[in-house]
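Here is a predicted model to talk through. Let's go over some of the labels and ask what earns them.

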Amino acid sequence: MSKKQFETEAIRTQINRTEFLEHSSPLYLTSSFVFEDAEDMRASFSEEKQRNIYSRFTNPNTSEFVDKICKMEGAESGYAFATGMAAVFSTFAALLNSGDHIVSARSIFGSTHTLFTKFLPKWNIETSYFNINKPETIESLITLNTKILFAESPTNPAVDIIDLELLGSIAKKHNLILIIDNCFATPYLQQPIKFGAHLVIHSATKLIDGQGRVLGGVTVGDADLMREVYLFARNTGSALSPFNAWTLSKSLETLAVRVDKHCENALKVAEFLETHEKVNWVKYPFLKSHPQYEVAKKQMKLGGNIVAFEVKGGIEAGREFLNALKMCSLSANLGDTRTIVTHPASTTHSKLSEADRLEASITDGLVRVSVGLEHADDVIADLGQALN
Ligand SMILES: *Cc1c(COP(=O)(O)O)cnc(C)c1O
């Protein structure tokens, strides 16, 4: 069959029906699978046969979820993990050897930064960081030992954008593995493989689930690299549970419509904030005022659901703003149906020095809004009354 549009693949990619001819894929809560006879078992373990053996390796529900993500990202193969961080850790651990070096953007997810600075050095793997807004400095960090180039775009929490095509060309020139954490964009808005990425990682916990229910992660991309990741993962036990895979696979059926609406709401919120007198500046990829607006337009279908802005009055004003909210949630998650507001300088990034915070574009008054699927007018009304 010919390749279908994104929405159609998201809905029509399914595992084979059972004898019951169910319409919607059933849940396979089983830890293992049986063999016909000794020969079947031998051939399965030697991988002469492609089949399910044990759910730490593969399971019909995780395979369906991975197949969908591969089609969405234009990837050859993938593996689903219990969490986004399991995907990040297993991918790096599978591909790196002692003595290898990573070049990464400084503005990355907090736990990924902790992995690079605290844990990977135990195995003699070092990381050098570049400022996401100074991509011209990347090449000066590359050494003979550099193996991986890593970034997220848009970034958390400051919604900076980096040119993926540029990263792809640097990776190609220096023979590096380019890995992109595509969590904030989702495969609906941006497909990094098109721009030269070898692997793409997602925390499925965010917009892929989209309803704040389950944790999950996935890595997809080049088949040879994924083979390494798969062998590491199947032996170290970070597999996604069939139940969560089943939930996430259903979530993907509505990813496009949900993300369209998230983006429409987020743009309205961003436009409202831009006109508000208590706001110094607003950052949203599809606002003309965003410094990388042209790059965002080139590589993203829409601007995403995260809006960053700075309230006037610094740290105290940021805290007061959070306390004045009546509807929006104060929560650590993002990409939920419910709008979530955080103040990084007093919470997630409070342990960083001011200089380090500024290096990651986190100013004292920075507020991050993960715009949900409530009516945009109600979200705007809540943010507006809290600002006033
Ligand atoms: C949340 C997040 C992760 C980690 O995912 P978990 O599912 O929470 O483990 C990694 N990267 C980014 C960009 C995230 O937002």
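Q: How do the residues of the shell around the ligand divide by character?
A: The split is 4 nonpolar, 5 polar and 3 charged.

Q: Which residues are those, and what makes a residue count as near the ligand?
A: The set is T83, G84, M85, F109, E152, D181, C183, F184, S203, T205, K206 and G216. The test is one heavy atom within 4 Å of the ligand, so each of these residues is near.

Q: What makes the approach of D181 to the ligand a polar contact?
A: A polar side-chain atom of D181 lies 2.7 Å from a nitrogen atom of the ligand. The limit for a pair of N or O atoms is 3.5 Å, so this pair qualifies as a polar contact.

Q: Which part of G84 and of M85 faces an oxygen atom of the ligand, backbone or side chain?
A: Backbone in both cases: an N or O atom of G84 lies 2.9 Å from a ligand oxygen, and for M85 the distance is 2.9 Å as well. As for cover, the protein takes up 92% of the 380 Å² of accessible area that the ligand has on its own.

Q: Why is K206 called buried?
A: Its relative accessibility is 11%, and buried means under 20%, so K206 is buried. K206 sits in the loop between β6 (199–203) and β7 (217–221). Leaving aside neighbours within four places in sequence, K206 is in contact with F109, C183, N333, L334 and G335.

Q: What does the UniProt annotation say about K206?
A: The record, an unreviewed entry, has "modified residue: N6-(pyridoxal phosphate)lysine" at K206. Such annotations may be inferred rather than shown by experiment.

Q: How do you know that N156 is buried?
A: N156 has a relative accessible area of 9%, and the cut-off is under 20%, so buried is the right word. N156 lies in the loop between β4 (146–152) and α7 (164–174). Not counting residues up to four places away in sequence, N156 touches F109, F184 and R368.

Q: What makes the N156 and R368 pair a polar contact?
A: Their side chains meet at 2.7 Å. That is within 3.5 Å, so the pair counts as a polar contact.

Q: Where are the cis peptide bonds around P154 and P157?
A: One joins S153 and P154, with omega about -5°, and another runs from N156 to P157, with omega near 0°. P154 is in the loop between β4 and α7, and so is P157. In general, most peptide bonds are trans.

Q: What makes the phi of L21 worth a look?
A: The value is positive, about 55°, although L21 is not a glycine. Most residues other than glycine have a negative phi. L21 sits in the loop between α1 (6–12) and α2 (38–45).

Q: Which label fits N175, buried or exposed?
A: Exposed: the relative accessible area of N175 is 70%, and the label needs over 50%. N175 also has a positive phi, near 60°, and is found in the loop between α7 and β5 (177–181).

Q: Why is S140 called exposed?
A: S140 is at 61% relative accessibility, and exposed means over 50%, so the label holds. S140 lies in helix α6 (residues 138–141), and its side chain reaches the backbone oxygen of T137 at 2.7 Å.

Conventions. Residues are numbered from 1 along each chain as its sequence is written. This is a predicted model: local features need pLDDT of at least 70, side-chain atom pairs count only at pLDDT 80 or more; totals for chains, interfaces and linings use all residues. Side-chain values use heavy atoms; hydrogens and water are left out. Helices (H or I, at least four residues) and strands (E, at least two) are DSSP runs, numbered from the N terminus. Buried means under 20% relative accessible area, exposed over 50%, partly exposed in between (1.4 Å probe, protein chains only). A polar contact is a pair of N or O atoms within 3.5 Å; within protein, one must be able to donate a hydrogen and the other to accept it, and residues adjacent in sequence count only if both atoms are side-chain atoms. Contact means heavy atoms within 4.5 Å. Accessible areas come from the Shrake-Rupley method with a 1.4 Å probe; for residues, only the protein chains shown count as cover. Ala, Val, Leu, Ile, Met, Phe, Trp, Tyr, Cys and Pro count as nonpolar, Asp, Glu, Lys and Arg as charged, and the others, Gly among them, as polar.
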